[in-house]
Protein chains: 2
Amino acid sequence: MKLGKGVEWAVHTCALLALLPAGATLAAEALADFLDVPAPYLAKQLQALSRAGIVSARRGAAGGYGLARLPETLSLWDITAALEGKAPSFRCTEVRRNGPCGAAAAECSKPCPIAAAFYEAEASYRNALARVRLTDVIQGVARDASAARKDRINQWIADNVALPT
Amino acid sequence: MKLGKGVEWAVHTCALLALLPAGATLAAEALADFLDVPAPYLAKQLQALSRAGIVSARRGAAGGYGLARLPETLSLWDITAALEGKAPSFRCTEVRRNGPCGAAAAECSKPCPIAAAFYEAEASYRNALARVRLTDVIQGVARDASAARKDRINQWIADNVALPT
DNA sequence: CATTTACGGATATTTTTTATCCGCAATTAA
DNA sequence: TTAATTGCGGATAAAAAATATCCGTAAATG
């Protein structure tokens, strides 16, 4: 039971994009440079975020990615679901129907209680992630960062941002 | 983010073993037959459960597996952790240290707030599974099963169980 | 029109999951 | 003691998924 590393990258990416002025963008290449992760693979994650409506993409010269939603309306679950999908991690193969003592169809009108218990646990997980907004993440990161680092980040943004026309 | 199918098998297995008389066992082969799953692979899962102290193994003729704990002291989390490990599913690679604006070591005394949020969500998941005891699972399964199916199961157990000497 | 950049698809590599097999050790019953 | 049975651990292999890269195309800019 593992999450792809794209999730970590995507959260950092969104936290960075939230710092941009409205309408401004950062190119995928620049984002990969900022995070120091493989550019073509990050590009794939960005495309998934774009399809999910979490970031907005602008093509062409001076194009790139920006946040498509207000940071307070974007949760860690939104980002996770965009990259990992919403399928449950517990896969019920209806083992209860198997074997010499398998249940008949009529006995399976309710979901298997085992699967139901796992689905409920996953709902707890999902809700916990849904309660964490991007604004919370940004606050946490800002609390740990030195003033010098914040300055460097602002400078880097100024050097790499593509401003709206 | 997926759970191995061994988890499903293992829960069904434990639920079945809980029905055995004290000290009695079922061979791995018989269990695979009951669940209709690949015997050598189920055997691997059983070995892991044995190492975790969830089932007790007895070798030799008339050997097999029995539950090592009382069903009310065994949770779905115990079984899941035995097979999947306790490592978090979110893997923090300390991206915050990366790139041109990476955080200095001194800024990373606290865990990354992103990772912390995921770890907390996983704790919710874990706790939800830990609250479900094997007795609860058995009750749920029994509620759905017809009287005829329960009879067949008891008969099958009688035909396959290895009684203690 | 030339340049830049995201998009989608195809492809390759690595890792994980799923699955099988075998020799050994342990246990029991004859 | 012997023979049969059964779990254990390691090695191996096949299948699937995650990770990573590349390229042609479309779109936007100047």
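**Figure 1. Asp36(B), a loop residue that is partly exposed.** In this predicted model, Asp36(B) has 13 C-beta neighbours inside 10 Å, so it counts as partly exposed. You'll find Asp36(B) in the loop between α2 (28-35) and α3 (39-51) of chain B. Have a look at the backbone here too: the phi of Asp36(B) is near 55 degrees, a positive value in a residue other than glycine.

**Figure 2. Ala62(A), a residue with positive phi in the loop between two strands.** Ala62(A) sits in the loop between β1 (55-58) and β2 (64-67) of chain A. Its phi is positive, at about 60 degrees, although Ala62(A) is not a glycine. Is Ala62(A) buried or partly exposed? Ala62(A) counts as partly exposed, because 14 C-beta neighbours lie inside 10 Å of it.

**Figure 3. Val7(A), buried in helix α1.** Zoom in on helix α1 of chain A and you'll come across Val7(A). This residue has 23 other C-beta atoms within 10 Å, and the cut-off for buried is 20 or more, so Val7(A) counts as buried. Which residues does Val7(A) touch, once you leave aside its neighbours within four places in sequence? They are Ile79(A), Thr80(A), Leu83(A) and Glu84(A). Compare that with Ala22(A): it is 15 residues from Val7(A) along the chain, and the C-alpha atoms of the two are separated by 24 Å.

**Figure 4. Chain A as a whole.** Step back for a moment and count the elements: chain A has 7 helices and 2 strands. Starting at the N terminus, they run in the order α-α-α-β-β-α-α-α-α. The radius of gyration of chain A is 21 Å, well over the 15 Å that the globule rule gives for 165 residues, so chain A is more spread out than a compact globule. Along its principal axes, the C-alpha trace spans about 70 × 35 × 25 Å. Buried residues make up 34% of the 165 residues in chain A. Among contacts in chain A with a separation of 6 or more, 72% are between residues 24 or more positions apart. As for confidence, the mean pLDDT of chain A is 95, and 99% of its residues reach 70 or more. Element by element, confidence in chain A is lowest in α3(A), at a mean of 95, and highest in α5(A), at 98.

**Figure 5. Where chain A meets chain B.** The contact draws 48 residues from chain A and 48 residues from chain B. On the chain A side, at least two residues each come from α1 (5-17), α2 (28-35), α4 (76-84), α5 (113-130), α6 (134-144) and α7 (147-160). Which element of chain A gives the largest share of the side that touches chain B? That is α5(A), with 10 residues. Sorted by class, this side of chain A has 26 nonpolar, 8 polar and 14 charged residues.

**Figure 6. Two copies, one turn.** A turn of 180 degrees with a shift of 0.0 Å along the axis lays chain A on chain B, with an RMSD of 0.0 Å. The two copies are therefore related as by a two-fold rotation axis. Both copies use the same surface for the contact, and 100% of the contact residues of chain A recur in chain B.

**Figure 7. The surface near DNA strand C.** There are 28 residues around DNA strand C, and Ala27(A), Ala57(A), Gly4(B), Pro38(B) and Gly60(B) come nearest. Both chains chip in: α2, α3 (39-51) and β2 of chain A, along with α1 (5-17) and α3 of chain B, each supply at least two residues. The largest share, 4 residues, comes from α3(A). By class, the residues near DNA strand C divide into 11 nonpolar, 9 polar and 8 charged.

**Figure 8. The surface near DNA strand D.** Now for the other strand. Of the 26 residues around DNA strand D, the nearest are Gly4(A), Pro38(A), Pro40(A), Gly60(A) and Ala57(B). Two or more residues each come from α1 and α3 of chain A, and from α2, α3 and β2 (64-67) of chain B. Which element gives the most to the surface near DNA strand D? Here α3(B) does, with 4 residues. The class split for the surface near DNA strand D is 11 nonpolar, 9 polar and 6 charged.

Definitions and conventions:
Residues numbered from 1 in each chain as written. Chains lettered and ligands numbered in written order. Predicted model: local features only at pLDDT ≥ 70, side-chain atom pairs only at ≥ 80, totals over all residues. Contact = placed C-beta atoms within 7 Å. Nonpolar A, V, L, I, M, F, W, Y, C, P; charged D, E, K, R; others polar. Buried ≥ 20, exposed ≤ 12 C-beta atoms within 10 Å, placed from the backbone. Least-squares fit on C-alpha atoms with pLDDT ≥ 70 in both. Near = placed C-beta within 6 Å. Rg over C-alpha atoms; globule rule 2.2 N^0.38 Å. pLDDT = per-residue confidence, 0-100.
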